[in-house]
Amino acid sequence: MSRATEDTNRRMLRARDAMDRAYAEPLDVPSLARIAHVSEAHFTRTFRATFGETPHRYLQRRRVERAMYLLRQTDRSITDICFEVGFGSPGTFSRTFRDIVGRSPREYRKEATAKHVPTCFTMAWTRPRG
Amino acid sequence: MDPPAGLTADRAVSDKFSGAALGSVIHMFNAITHSQIYVLDQDEALDFYVGKLGLEVKSDIDLGFMRWLTVNVPDAPDREILLEKPGGPMMSEETAQQVRELLTKGATGGHLFFSTDDCRKTYETLLAKGVEFTQEPTEQPYGIDAGLRDPFGNSIRFTQPKA
């Protein structure tokens, strides 16, 4: 039983890593389920049981985290950043960003400051809470 | 011009512990010699860390109560990484199981950072060996780096520092 859990965890982590890596691509449940070697029906349920949130929410937070980074580090337009991180429309981006961060992208950009530490820590610790 | 408020606050905290503030206090430590990560299987860990990443075995000793297995970067034997298996009697079987589950979720905090002369070349070499990458070589303010996972869930990065 425990070995099976470890194996499942590791495969779910592989799918989560794929979201971290290819966040801007149109990832869907079938392709993530293939990476994790589970059925589509099983994938969302198991992912949630493993990490405490749905794959969709995880991907949204990853995209928003990347958007926060680009808002802090660049002067690119908000619309540009929206498409760059994988959102399909500025409306969805603004709504999701505000829902997760509690502020609009514009407000966030005004308040943010930039600091340089290894990128995996920035990624993990600046990821907005679900 | 004044620095942003956040930066001032951070400095105020770190200055309290900086060398200057400590004055004549003697340095008590002079190196990090061992770091530790958990692995699920030490033979599989050797296959990965030595066979794929090219590290060297420093110690592989059966102590009876545990297998003391350490590796190091070639030509850097003074800094060892202990590849430890979670289990008894150090922890209960229940706790060991929790550690194994956290490890495979990528949540034990096992991180290793290596430096390399050529990040892209190292990436290609490891990719050809079937290593599981979490991030392709990426330009960062501090250099070029890439991320990967070991077979168990530990996170590894290697950086080509900015010249």
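The exercises below, each with a worked solution, concern a predicted model.

**Exercise 1.** Work out what span helix H3 of chain A should have, and on which side of H3(A) its buried residues lie.

*Solution.* Begin with the length: at 1.5 Å a residue, the 12 residues of H3(A) should span 16 Å, and since the C-alpha atoms at its ends are 17 Å apart, expectation and model agree. Next, list the buried residues of H3(A), which are A:Phe43, A:Thr46, A:Phe47, A:Thr50 and A:Phe51. Because they cover an arc of only 105 degrees around the axis, they fall on the same side of H3(A). Then turn to the face pointing away from that buried side, where the exposed residues A:Ala41, A:Arg45 and A:Ala49 are carried. Finally, find the packing partners: the buried residues of H3(A) pack against H1, H2 and H4 of chain A.

**Exercise 2.** Determine the strand order of the open sheet in chain B, and identify the strands that stand at its edges.

*Solution.* The four strands of this open sheet follow the order E5-E8-E7-E6 (chain B), and their pairing is mixed. Strand E5 (111–115) and E6 of chain B each have a single partner strand, so one side of each is left without a neighbour in the sheet, and these two are the edges. From one strand to the next, the twist averages 15 degrees. As a check on one pair, E5(B) and E8(B) run in the parallel sense over five bridges, and B:Leu112 has B:Ile156 as its bridge partner in E8(B).

**Exercise 3.** Describe how H1(A) is placed relative to strands of chain B.

*Solution.* H1(A) lies across E6 and E7 of chain B, and its direction makes an angle of about 20 degrees with E6(B).

Definitions and conventions: Residues are numbered from 1 along each chain as its sequence is written. Chains are lettered from A and ligands numbered from 1 in the order in which they are written. This is a predicted model: local features need pLDDT of at least 70, side-chain atom pairs count only at pLDDT 80 or more; totals for chains, interfaces and linings use all residues. The expected span of a helix is 1.5 Å times one less than its number of residues. A residue is buried if 20 or more other C-beta atoms lie within 10 Å of its own, exposed if 12 or fewer, and partly exposed in between; C-beta atoms are placed from the backbone. The arc is that of the directions from the helix axis to the C-beta atoms. Two residues are in contact if their C-beta atoms, placed from the backbone, lie within 7 Å. Two strands pair if DSSP finds at least two bridges between them. Axes are lines fitted to C-alpha atoms, for helices over the stretch in contact, and angles run from 0 to 180 degrees between N-to-C directions.
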